[in-house]
Amino acid sequence: MTHQTTSQMTNILAIDCAFSQLQLGLLHGDKVHCRELGEVRDHSRHLLDQIDRLLSDAKVSPEQLSAIAFGQGPGSFTGLRIAVGVVQGLAYGLEIPVIPIPSMSVIATRVFRDYSAEHVTVALHARADEVYLARFQSGDNFLPVQVGRYEVGCVIDFAIPTQHCEILAGGGANTFAEFAPGYFSAFDQTLISAQSNIGDLIELAKIEFEAGRWVDPMAASPIYVREEVAKKPVL
């Protein structure tokens with residue numbers, strides 16, 4: 001596996017298919033190029049063409065890429081598989097590393113930057129009355145530090161928080177509002193519209209790349225919270 005040294009310009013391609021909207025981004029030196037292409041299901045078959053167009057518009061050849069980042073989920077199973085397949089194929093062929101970025105961390109990053117908060121709970125709708133949940137505290141330069149593990153389950157099964165319940169962010173907040181209003185009202189503020197943003201994903205990817213926290217292409221994988229829960233040992 002090869003990658004550029006820090007003395008060369010950093011070019012990072014980013015792909016986010018974890019949710020309904022397909023987003024592409026490119027970090028080219030100190031410039032960021034972003035595209036939102038619409039519904040993943042409508043654009044996934046044209047993803048490689050859209051990547052080629054993005055690189056061409058920025059005058060960056062595939063061989064100039066330093067790494068490829070992607071939104072790791074949790075999220076849409078189909079979207080995550082599309083992203084991983086494309087990322088693995090491109091990165092393996094170019095012999096460059098992959099930077100997996102957890103989608104909930106991306107959401108937390110924007111919340112910490114836009115609001116004076118020390119703690120945020122990110123909730124994403126899973127299905128029916130279930131959500132994915134992760135908790136974060138603000139670290140250096142507003143970067144999110146995850147507290148505990150990822151969780152998934154029915155909203156009524158989550159214990160109502162009694163402390164550090166400043167902000168509840170993400171579309172899963174709607175699920176709490178409908179099925180577990182006690183949990184929903186425990187927070188000082190709710191940001192239902194908070195979502196993963198390709199610009200924030202690129203920012204996190206750049207930090208991870210410069211710190212050497214990347215993986216070989218074939219080791220890239222999405223976050224499947226249900227699998228993690230299923231594998232928990234029975235006590």
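Modeller: A residue counts as buried under 20% relative accessible area, as exposed over 50%, and as partly exposed in between. Please keep in mind throughout that this is a predicted model.

Colleague: With that in hand, as what does Asp-57 count at 49% relative accessibility?

Modeller: The relative accessibility of Asp-57 is 49%, and the class between under 20% and over 50% is the partly exposed one. Asp-57 therefore counts as partly exposed.

Colleague: Which side chain does that of Asp-57 meet in a salt bridge?

Modeller: The N to O distance in this salt bridge is 2.2 Å, and the cut-off for such a pair is 4 Å. The partner of Asp-57 in helix α2 (residues 47-57) sits 22 residues apart from it, in strand β3, so that the pair links distant parts of the chain. Like Asp-57, which is partly exposed, the partner is partly exposed, with a relative accessible area of 22%. The side chain that meets Asp-57 is that of Arg-35.

Colleague: How many residues apart are Glu-203 and Arg-113?

Modeller: The side chains of Glu-203 and Arg-113 meet in a salt bridge, at 2.3 Å from N to O. Glu-203 lies in helix α7, whereas Arg-113 lies in helix α4 (residues 103-114), and the pair links distant parts of the chain. Glu-203 is partly exposed at 26% relative accessibility, and Arg-113 is partly exposed at 32%. Along the chain, the two are apart by 90 residues.

Colleague: In which helix do Glu-210 and Lys-206 both lie?

Modeller: Glu-210 forms a salt bridge with Lys-206, with the closest N and O atoms 2.7 Å apart, and Lys-206 is partly exposed at 30% relative accessibility. The two residues are 4 residues apart, which is about one turn of the helix. Both lie in helix α7.

Colleague: How many salt bridges does a search of the whole structure find?

Modeller: Side chains of opposite charge can pair when their charged atoms come close. In this model, Arg-110, Asp-114 and Asp-200 are linked in a network of salt bridges. Over the whole structure, the number of salt bridges found is 8.

Colleague: Turning to the sheet, in what order do its 5 strands come?

Modeller: The sheet is open and its pairing is mixed. Its edge strands, each pairing on one side only, are β3 (31-39) and β5 (98-101), and the twist from one strand to the next averages 15°. Read across the sheet, the order is β3-β2-β1-β4-β5.

Colleague: Which residue in β4 is the bridge partner of Ala-14?

Modeller: Strand β1 (residues 11-16) and strand β4 (residues 67-71) pair in the parallel sense over 4 bridges. In β4, the partner of Ala-14 is Ala-69.

Colleague: Which helix lies across β1, β2, β3, β4 and β5?

Modeller: Helix α3 (residues 77-94) packs on the sheet and touches β1, β4 and β5, with its direction at about 175° to that of β4. The helix in question comprises residues 198-210 and runs at about 130° to β1. The helix that lies across those five strands is α7.

Colleague: At what angle do α2 and α3 pack?

Modeller: The axes of α2 and α3 are 11 Å apart, and α2 is oblique to α3. The crossing is right-handed, and in it Leu-47, Leu-48 and Ile-51 of α2 meet Ile-82, Val-86 and Leu-90 of α3. The angle at which the two helices pack is about 55°.

How values were computed
Residues numbered from 1 in each chain as written. Predicted model: local features only at pLDDT ≥ 70, side-chain atom pairs only at ≥ 80, totals over all residues. Heavy atoms only, no water. Pairing = 2+ DSSP bridges. Axes fitted to C-alpha atoms, helices over the stretch in contact; angles between N-to-C directions. Contact = heavy atoms within 4.5 Å. Buried < 20%, exposed > 50% of the residue type's maximum accessible area, 1.4 Å probe, protein only. Parallel < 35°, antiparallel > 145°, perpendicular 65-115°, else oblique. Left-handed = near helix turned anticlockwise from the far one by under 90°.
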